[in-house]
Amino acid sequence: MFSALRHLLEYLRPYRLEVSLLLAGLLIDLAFNVLFSLSFQYVIDEAIAKHDQALLYSILVALLVAVVVAAGVAVMRDYLYARLGTAVMNDLRLRMFEHLQRLSHNFYTRMQVGDILARFSTDLGAVQNAVILAIPETILGILGVATIATLLFIFSWQLALITLIGLPLATLGPQVLGPRAERDSYLVRHEEAQIASTVQENLGAHAVVRAFQLAPEQTSRFRYKLRSLYRIGVRFNLSTYLVERTPNLTFLLLQILVFGFGALKTFQGELSLGSLVAFNILLGYLSTYVTALTRVMPPLLMAAGEIKRIQELLSARPQVQEKPGAQALTPLREAITFEDVSFSYTGEHKNLDRVSLKIPRGTNVAIVGASGSGKSTVLGLLARFYDPDHGKVAFDGADIRAASFDSLRGQLGIVFQDSFLFNTTVRENIRMGRLNATDEEVERPRARPRSTTSSPACPRATTPSSASAAAGCRAVNASAWRSPGRSSATPRSCCSTRRRRRSTRPPRRRSTARSSASAATAR
């Protein structure tokens, strides 16, 4: 819980002015509560007991003015709560989103989409509740307990001592149950993320589920996950309720004890009636502040698990990183080469084993092979989505690991197997190929007739089988790259450089190497 508070204060650091104004508002609220309590002593002991009507009216007018001021300050605090909560959440969303853009391809292959989305939705929602509720209530509670405890000693040191001795007893429940509730909070959010991932997976596979009549099996799996969430959720909610309940019960018993002792002192003439009333009102406010501190524990415990999950995401490091001082890669002049390249996704099974090949500039290469033979792996290494475990990928002999990402990928034109449209207009989707393209350049390809002819020198390859059979095209068989005893792969046939076919796509960055089969069907 305290680690959650530390992270929340770190999130608030950029907003020192707003936090300072909020603290000032909290101090004004505390001052009003103290003055309101003390006013009862003067009303009873000075105004009523001495029949001083002018003093009574003055006190009442002062209280009315104080209520108006306190109400105005409370509205200002509400505005600051809303502003800070929204600003901190947007900062976290932006940090998480920017960090996701830097993470390597392997992160997305091992993380479920639903789990990532849950960190942007339910996890951030709990953090927002903590920022809006927990931080102000915690600060006000600590200041209130310290201030009122001091005033209680002014009225009666015996009553104040009894109160302070009993206060530590109110913290026993949170100390015992708090750590367990914090652990369960993380588990609850983890299970909720798993459920979100299951729903996301089911939505994407709805056609398969219907075609193979998998609805009962999918529902059974989902029901099992809900049972797991139910068990952890009941344990977490019970722990948080007890964390909040035990201090309130302890303080209620303490308040009855202090009031009885104070009434006895008043009966014996050792304490005035006004002082007893003011003392008990202050004691009531002390109870309120203690209750506020216990009330923030559930959202803080809930936020502790969410903050841990958010920090897990922000602490993830990209597997492939741009080296400090990376140089711009010069435009390709001669060839792309794979030099004795080995690579494994898991570290146990080699997807490429000591592969060497050369793609001269201006040639077309079709990478063909069975599923899982390494076709997509070659393209992933070429675009530096991954780095080889052994060997190197080079442009004109220069290792691409020493080049900047922008200069490398700026020379590549990639057509993925699965098409994707961003949630925007068709115009903007076309413009994704070159973000600075004008409207005229975006619309120019639409006016061109779609080319359906192939160059006689190199028949058009649209499938692995047609690619390997295309006379004049360079075809590399990926199936042999993982075979024992084969340390490299060489082209089965050569082709001459052919003219680039006119494309219906908008102008984009020039490709250094094109693979018809890979672009059309290979993974």
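This passage describes the overall make-up, the interior cavities and a nonpolar surface patch of a predicted model.

The protein chain comprises 523 residues, of which 41% count as buried. Its secondary structure consists of 18 helices and six strands. Among contacts between residues at least 6 apart in sequence, 78% link residues that are at least 24 apart. The accessible surface of the chain amounts to about 28800 Å², and carbon and sulfur atoms account for 60% of this area.

Within the protein chain, two cavities of 30 Å³ or more were counted. The largest cavity has a volume of about 80 Å³. Its lining is formed by Leu12, Val19, Leu22, Leu26, Tyr81, Leu84, Gly85, Val131, Ile132, Ile135, Pro136 and Ile139. Three helices, α2 (16–48), α3 (53–102) and α6 (122–155), each contribute at least two residues to this lining. The largest share, five residues, is supplied by α6.

On the surface, Phe153, Trp157, Leu161, Leu164 and Ile165 make up a nonpolar patch of about 480 Å². Helix α7, which spans residues 157–166, provides the largest share of the patch, with four residues. Trp157 belongs both to this helix and to the patch. With a relative accessible area of 51%, Trp157 is classed as exposed, because the cut-off for that class is a value over 50%.

Methods: Residues are numbered from 1 along each chain as its sequence is written. This is a predicted model: local features need pLDDT of at least 70, side-chain atom pairs count only at pLDDT 80 or more; totals for chains, interfaces and linings use all residues. Side-chain values use heavy atoms; hydrogens and water are left out. Patches are made of residues with over 30% relative accessible area and no salt bridge: like charges are joined within 9 Å, nonpolar side chains (Val, Leu, Ile, Met, Phe, Trp, Tyr) within 5 Å. Accessible areas come from the Shrake-Rupley method with a 1.4 Å probe; for residues, only the protein chains shown count as cover. A salt bridge is a side-chain nitrogen of Lys or Arg within 4 Å of a carboxyl oxygen of Asp or Glu. Buried means under 20% relative accessible area, exposed over 50%, partly exposed in between (1.4 Å probe, protein chains only). Contact means heavy atoms within 4.5 Å. On a 1 Å grid over the protein atoms alone, a cavity is a set of points where a 1.4 Å probe fits but cannot get out, and a pocket is an open set with protein on both sides within 12 Å along at least five of seven lines; lining residues have an atom within 4 Å of a point. Grid points are joined across faces, edges and corners, and a volume is the space filled by probe spheres set on the points.
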